Amino acid sequence: MKEHFSESNSWLVHVAKNFFPVWENLLKLQLKSSLEIKKISNDFYLITAGDSFLAEKLLNSIFVKFAMPIEYMWPTKLEQKGIIEKCAQGLFAKFKDQSFLNAVVFSVERKNQILASNIRGRLLQVLDTQNQIDRKKAERIKWTKNPTTQHPEQKNLIVAISEKCIWAGILSPKLSGSYFAGGRRYVSTGSEDTASRAAAKFVEAAELMNLNGFKLPEKSNYLELGAAPGGITSELVNRQNHVWAVDKALLDKKLLQNPLVHFINKDAREYRPDLQFSCIVCDMNGPALISAEICAGFIQNLENKGYVIFTYKIHNISDFGTEFDKIVNTFKKKNAKILFARQLYNNKQEVTLFLIKSN
């Protein structure tokens, strides 16, 4: 890894509470040194270990939605008088000699997000006054309104606030795991009629691919398995893609009228396409291994270097490791190798796999 990490080996991470036991056990197996994990609030944990590989293990984890190194920690109370100014000046004093392009502040307790925004505003004023951030104000406004427009490898000063403490460190969106501070991604989908959690998962998945150096094709042919009621289909056609949408249930009527939508109203196991696709998106319900077998059966219709976005719906979290390996192997047998996997913010008891056809 090319970026600088905190020498303290202390990190703040965002992990969903239902996956925490599995993640904790995996981390303990991977690290040779002692490990201390302290719950901060909601799904945020403070991790400290003596192992020099802690950063690598955290940043490559399926279950870590967001991670930041702890280079500065200030125990305090948010309600104290002058907290905004004290925080901004303290952060400036600590990081004035380090290089970064943007500053983001988030609250681990959502109720304090307005205070976090105010701290960020004052911090940026202090940094600008001291010529600390070398970029145009217009660019910062753009990044604030749409974080996905920032470069994945630009270094940010990340600040997390809680009721009793403030933490800060420097890291890029790519390594922290999200364009969004804290890893919370609230998705506004393209169509109110077909808006769904599935659509939100797809939007987040596409952004995560960009963050990791992969770009989903546009104006291409997509195969979507488990398409009804059409949330993902709507997002795909908004990007000017042709979508072959397969499901036994019906799509939204408005989508059926869209010339970019080709609806196959049958069980996916009965569909035999005679064309090639640039990407397969699978969000089918039912047993995960069966869904993987069905999805993998269409790899032969995938273009070389084409992508697969597969939602692994987990029935029993305790079986995750074994079942995950079986799913990966199912795709491997059909010449699709895994790029990475992530428990997205918009996933519930699910993990999204990202694969590519290898030959």
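Two rings of Phe, Tyr or Trp, with the six-membered ring standing for Trp, count as an aromatic pair if their centres lie within 6.5 Å. By that rule this structure, which is a predicted model, holds 16 aromatic pairs.

**Aromatic pairs**

Begin by selecting F20 and W23, whose ring centres are 5.8 Å apart and whose planes meet at 55°, so the pair is tilted. Both residues belong to helix α1, which covers residues 20-30, and being three residues apart there they are separated by about one helical turn. If you add a surface, you can check that F20 is buried at a relative accessible area of 15%, and that W23 is also counted as buried, with a value of 2%.

Next select F214 together with F340, an aromatic pair that is stacked, with 6.3 Å from centre to centre and 25° between the planes. F214 sits in the loop between α7 (197-211) and β9 (221-225), while F340 sits in strand β14 (residues 336-342), so this pair ties together parts that are 126 residues apart in sequence. Here F214 is partly exposed, at 22% relative accessibility, whereas F340 is buried, at 14%.

To finish with the rings, select F19, F63, Y312, F320 and F324, which ring pairs link into a cluster.

**Salt bridges**

Side chains of opposite charge can pair when their charged atoms come close. The model contains ten salt bridges, and a good place to start is again helix α1, where K28 and E24 lie four residues apart, about one turn of the helix. The closest N and O atoms of K28 and E24 are 3.5 Å apart; K28 is partly exposed at 44% relative accessibility, and E24 is buried at 19%.

Now move to R197 and E350, a salt bridge in which the closest N and O atoms are 3.0 Å apart. This pair links distant parts of the chain, since R197 is in helix α7 and E350 is in strand β15 (residues 350-357), 153 residues away. R197 is partly exposed, with a relative accessible area of 33%, while E350 is buried, with a value of 4%. Keep both selected and add K201, D283 and K313, and you will have one network of five residues, R197, K201, D283, K313 and E350, joined by salt bridges that share partners.

A further stop is D267, which forms a salt bridge with R269 at 3.1 Å between the closest N and O atoms; D267 is buried, at 15% relative accessibility.

**Backbone details**

Select A228 and P229 and look at the peptide bond that joins them, which is cis, with omega about 5°. P229 lies in the loop between β9 and α8 (231-238).

Then select K219, a residue other than glycine with a positive phi, near 55°; K219 is placed in the loop between α7 and β9 and is exposed, at 69% relative accessibility. Q240 likewise has a positive phi, near 65°, and is found in the loop between α8 and β10 (242-246), where Q240 is partly exposed at 45%.

**Cysteines**

How many disulfides does the model have? The count is zero. Select C165 to see a cysteine in no disulfide, for the nearest cysteine sulfur, that of C87, is 10 Å away; C165 is buried, with a relative accessible area of 9%. C279 is likewise in no disulfide, the nearest cysteine sulfur being that of C295 at 9.3 Å, and C279 is buried, with a relative accessible area of 0%.

Key: Residues numbered from 1 in each chain as written. Predicted model: local features only at pLDDT ≥ 70, side-chain atom pairs only at ≥ 80, totals over all residues. Heavy atoms only, no water. Disulfide = S-S within 2.5 Å. Buried < 20%, exposed > 50% of the residue type's maximum accessible area, 1.4 Å probe, protein only. Phe/Tyr/Trp six-rings, centres within 6.5 Å; stacked < 30°, edge-to-face > 60°. Helix = DSSP H or I, 4+ residues; strand = E, 2+ residues; numbered from the N terminus. Salt bridge = Lys/Arg side-chain N within 4 Å of Asp/Glu carboxyl O.
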